[in-house]
Amino acid sequence: MKPLSLRLVLGDQCSLSLSALEGLDPARDVVLMMEVQAECTHVRHHPQKIALVLSAMRHFAEMLRARSISVDYVCLDDPANTHGFSSEVARAISRHAPEHVIGTQPSEWRVLEEMEGCAVDWREDTRFLADTSFFRRWAHGKKQLRMEYFYREMRRATGLLMQGEQPVGGEWNYDSDNRKPLPRGLAPPAPPRFPPDAITREVMALVAARFGNHFGRLEGFNWPVTAAEAQNALARFVAERLPLFGDHQDAMAEGEATLFHSLISTSLNTGLLLPREVCDAVEAAYRAGLVPLNAAEGFIRQVLGWREFVRGLYWLKMPGYKALNALDAHRPLPEFYWTAQSGMRCMDAAIGQTRDLAYAHHIQRLMVTGNFALLAGIEPDAVNDWYLCVYADAYEWVELPNTHGMAIHADGGIMASKPYAASGAYINRMSNHCAKCRFDVKRATGEGACPFNFLYWDFIARHAGRFASNPRMAMPLSTLRKMAPERVAEMRAEASKFLDNVSPLT
Ligand code: FAD
Ligand code: SF4
C-alpha cells in the first residue's frame, strides 16, 4: 500500500493550489489543520483578523472534505490542543504514523523558527509571482534595492501589461496621474457585503469569548472567508471601483474608509485569491477598454511590484532586519494609537476606522499614523507591534518591511531611498480632514499649530546630518537652512513640549 503523507495547511494557506497539496492522494493522505492559541496572541491581533483566519480555515477544511479529502482539524477549543504548531504536528504524527510530513514554507520567520524541530519536508510557496530565489538573484550585487526596477523585471517576467518588450502605453509607471484628492460630490461605491454564515458566526462567538479584550470591534465583520466570496469581491472591485482607483489612490476623506480601494489584501494574504488571478482580471478589464491605463497599471504595480518586493526583501533580510533602529527612535507609543483621541482629526479618523473595520488604506497607514510615528521618533518595536495587531491583513512578512522600512525608515534606507516624512500640507492636499480639525494646518508655531508641521521640521533638523548626503532630501534641508534660526528653535521647542505632553501607553 502507498505510504501515507500528512499534508500541513497553515492558517494563511487556504488555497487549493497550495504546493503542500500537490500530488495528494485522497484515498491515503491526511490534511492537518491546526488552530493554535499562540497564533492569536503572539501579538494581540484584532478580533476581526482572528475571526477571518479561523473562518477561512474552517471553510477550507469543509471544502476539502466535500472533495473526499480526509482532514484532521484541531479546533481552538479542543481540550487536547497543545496550542503550538510543533507539538500539534508531533501529536498528529503519533495519530497517523505518516511516512512523510509535507508543508508549504510558512510566510513568517517566527513560524518557521517555531517549527524548526519538526521533520517537515518544506516546499516553496508557489502562490507568489516571484519565488524567493528569483528575488535573491535579482538583488544580488545591487547597492540599492528599489521597487521600481524590480517591478519592471516582474513585468517582463510575467508579460503583464507588456507589448512585446515594451510596457503598454510606453511608460512603466503612471503614478504622476494618481495623486488627486477626492472631489466634492464624488461618492465612492460601497464595497460588497458578506454577511457571516453559520461557520463565521460560530467563530465570532469563540473569538468574542476568548479575545474580546483585544483592540478592535468584532461586530460589523465583513471579510470574504471563501475563495468564491473573494472572487466576487474582486469582480465587484474591478467593475465598480477600479476605474477610479488610480486617480484617487492617495486620497483621504472624512467618513470614507475605503474610497476606491480593493480590500483584497485579506483574501490574498490568506490564500483565498492568488496574485496572478488578480492581475489577470485587472489586465483583462484594461484590454477590454473598461478601465484606464493609469488605474490598471497603478493597481498591478501594488500587487506585482510592492507585494512581491516586500516579501522578497523580508526573506532576504530577516532575521536581522527587525532589530534595526537606524534613526535611534526610542519614544514610547502614545496611548492615542489605542483610543483614537489625539485631537488630530486625520489621526483619529485613521485609528478610529482601524478599530472599527480592521482596515485603513495605504496612505492612512503610511502618511498619517506611520508619518506621525516617524516624525515623533517612536520606538520601532512598538510601532511594528501596533501595525501587526490592528489590521485584518497583517502578517509580519508584509507588515514589517512596510512599517519598519517604508513608514518609519528604521532600516536606514534598505526599503526606500528617503523617509516618507511630510508636514500637515500633504495631509491637507490629499484630504478634507484639516477643515474640521481643531488644529490649524497653516500654522507651525503658536496656539493651535498643526502638530505635523512642527514635528516635521523638528524631524528634519534632528536628522539633518544623517540626510545631508541624500539627494532626495536636498529640498527640505535647503528650506531648513533658509529659515531663521529662531523660527527653527521655536518649532523644535513646540515639538518637544507637544511630545512631552503626549501620554504613553501605560
Ligand atoms: P489596495 O490599495 O486596493 O491595493 C491592492 C493590493 O496591493 C493590496 O490588497 C495589497 O495586496 C497590495 N499592496 C498595495 N500596497 C502594498 C504594499 N505597500 N505592500 C504589500 N502589498 C501591497 N499590507 C498587508 O497586506 N498587510 C499588512 O500588514 C500591511 N501593513 C502595512 C503597514 C504600513 C505601515 C503600510 C504603509 C502599509 C502596509 N500594507 C500592508 C500595505 C497596504 O497598505 C495594504 O496592502 C493595503 O492598504 C490593503 O488594502 P487594499 O486591499 O484595499 O489595497
Ligand atoms: Fe491632521 Fe494637522 Fe490637518 Fe489636523 S490640521 S487634520 S492634525 S494635518
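Let me begin at the ligand, where a polar side-chain atom of N269 lies 2.9 Å from an oxygen atom of ligand 1; please keep in mind throughout that this is a predicted model. A second contact of this kind comes from H362, which places a polar side-chain atom 3.1 Å from an oxygen atom of ligand 1. With D393 it is the backbone that takes part, since one of its N or O atoms lies 2.9 Å from a nitrogen atom of ligand 1. How much of the accessible area of ligand 1 does the protein cover? The computed value is 99% of the 820 Å² that ligand 1 has on its own.

Turning to the shell as a whole, there are 30 residues around ligand 1, and those that come nearest are H261, S262, L263, Y359 and N402. Sorted by class, the shell is made up of 17 nonpolar, nine polar and four charged residues. Four helices, namely helix 10 (265–270), helix 12 (293–317), helix 15 (362–376) and helix 17 (396–407), each contribute at least two residues to the shell.

That brings me to the domains. The assignment divides the chain into domain 1 (5–123), domain 2, which is given in two segments as 132–196 + 222–317, and domain 3 (336–500). Which of these domains supply at least three residues each to the shell around ligand 1? Domain 2 and domain 3 both do, and I would therefore like to look at how these two meet. Taken over C-alpha atoms, the centres of domain 2 and domain 3 are separated by 25 Å. Contacts between them involve 30 residues of domain 2 and 32 residues of domain 3, and together the two domains bury about 2,700 Å², of which 64% is on carbon and sulfur atoms. On the side of domain 2, M252, E254 and Y314 account for 29% of the area buried against domain 3, which is more than any other three residues supply.

Finally, two details of the backbone. The peptide bond that runs from M318 to P319 is cis, with omega near 5°, and P319 itself sits in the loop between helix 12 and helix 13 (336–339). The other detail is H83, which is not a glycine and yet has a positive phi of about 65°; H83 belongs to the loop between strand 3 (70–74) and helix 3 (85–96).

Conventions: Residues are numbered from 1 along each chain as its sequence is written. Chains are lettered from A and ligands numbered from 1 in the order in which they are written. This is a predicted model: local features need pLDDT of at least 70, side-chain atom pairs count only at pLDDT 80 or more; totals for chains, interfaces and linings use all residues. Side-chain values use heavy atoms; hydrogens and water are left out. A residue is near a molecule or strand if one of its heavy atoms lies within 4 Å of it. A polar contact is a pair of N or O atoms within 3.5 Å; within protein, one must be able to donate a hydrogen and the other to accept it, and residues adjacent in sequence count only if both atoms are side-chain atoms. Accessible areas come from the Shrake-Rupley method with a 1.4 Å probe; for residues, only the protein chains shown count as cover. Ala, Val, Leu, Ile, Met, Phe, Trp, Tyr, Cys and Pro count as nonpolar, Asp, Glu, Lys and Arg as charged, and the others, Gly among them, as polar. Domain bounds come from an automatic or database domain assignment. Contact means heavy atoms within 4.5 Å. Buried area is the accessible area (1.4 Å probe) that two parts lose on being put together, summed over both.
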